[in-house]
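Here's a quick walk through one protein model, written for someone who'd rather be at the bench. Have a look at the sequence and the fold, then read on.

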Amino acid sequence: MSSAATFCLLCCLALWSGAVGFSGGEKKTRTEEIHSKTSEVGWPGYLYTRAEGRCTPQYWSSGSEAWPNIVPKEAAISKVFGSRVLERYEPSLTLLDATQRNDDVGGSAFAKLVKHASAALLNAYARDGFPYDSWEVKVLLLQALVSEEAAAAQAGQFEQANLSCT
């Protein structure tokens, strides 16, 4: 189901449940009502799903699939990509943290780069036919650290590969 269809479904559910009055007699805020409804049916506590496909950073950070054993979630990106990434990223940043980042929208090109490179690395290990090998992802990330323009261009290429992966 697409994220737009999921959003419409959840909105209709929220509006319908509010009209029918499933508040249980106690007065709840609108946010509490929506959260309790989505929790009852096992949906996340937000009105849309972030994961667009099986290869996106959002998908990997959601825990929908086990990560490849070669790259644990808790691994620091400096251990995975090399110590040169410490020039741009804090030492405590893990692969899971990188895939969960949301400061890439309208933010730094380096934030977008590490987010999509982390997903691309996971895809290189887990998806047959992914256009990059793991060593290529690592080398391309390191090469893109030289400037904002290089980081933005490479992040865009990783993002396209992640979105077009099946």
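A residue counts as buried when its relative accessible area is under 20%. Keep in mind that this is a predicted model.

With that cut-off in hand, take the cysteines. Searching the whole structure turns up one disulfide, and it joins Cys55 to Cys165, with 2.1 Å from S to S. Cys55 sits in the loop between α2 (30-40) and α3 (57-62), while Cys165 is in the segment after α8, so the pair ties together parts that are 110 residues apart in sequence. Are the two ends buried or exposed? Here's how they come out:

| Cysteine | Relative accessible area | Status |
|---|---|---|
| Cys55 | 0% | buried |
| Cys165 | 14% | buried |

On to the nonpolar core. The largest one has 34 residues, and Ile77, Phe81, Tyr89, Leu113 and Val137 have the most contacts inside it. Helices α4, α5 (95-100), α6, α7 and α8 each give two or more residues to this core, with α6 giving the most, at 10 residues. Ile77 has plenty to touch: leaving out residues up to four places away in sequence, its contacts include Val85, Tyr89, Leu93, Leu95 and Val114.

Now for α7, which spans residues 134-144: its buried residues are Ser134, Val137, Leu141 and Ala144. Looking down the axis of α7, these buried residues fall within an arc of 100°, so they line one face of the helix. That fits the usual geometry: an α-helix has 3.6 residues a turn, so residues three or four places apart point the same way. The cover over the buried residues of α7 includes α4 (77-81), α6 (109-126) and α8 (148-164).

Note on methods
Residues numbered from 1 in each chain as written. Predicted model: local features only at pLDDT ≥ 70, side-chain atom pairs only at ≥ 80, totals over all residues. Heavy atoms only, no water. Buried < 20%, exposed > 50% of the residue type's maximum accessible area, 1.4 Å probe, protein only. Helix = DSSP H or I, 4+ residues; strand = E, 2+ residues; numbered from the N terminus. Arc of directions from axis to C-beta. Contact = heavy atoms within 4.5 Å. Disulfide = S-S within 2.5 Å. Core = buried A, V, L, I, M, F, W, Y, C linked by side-chain atoms within 4.5 Å.
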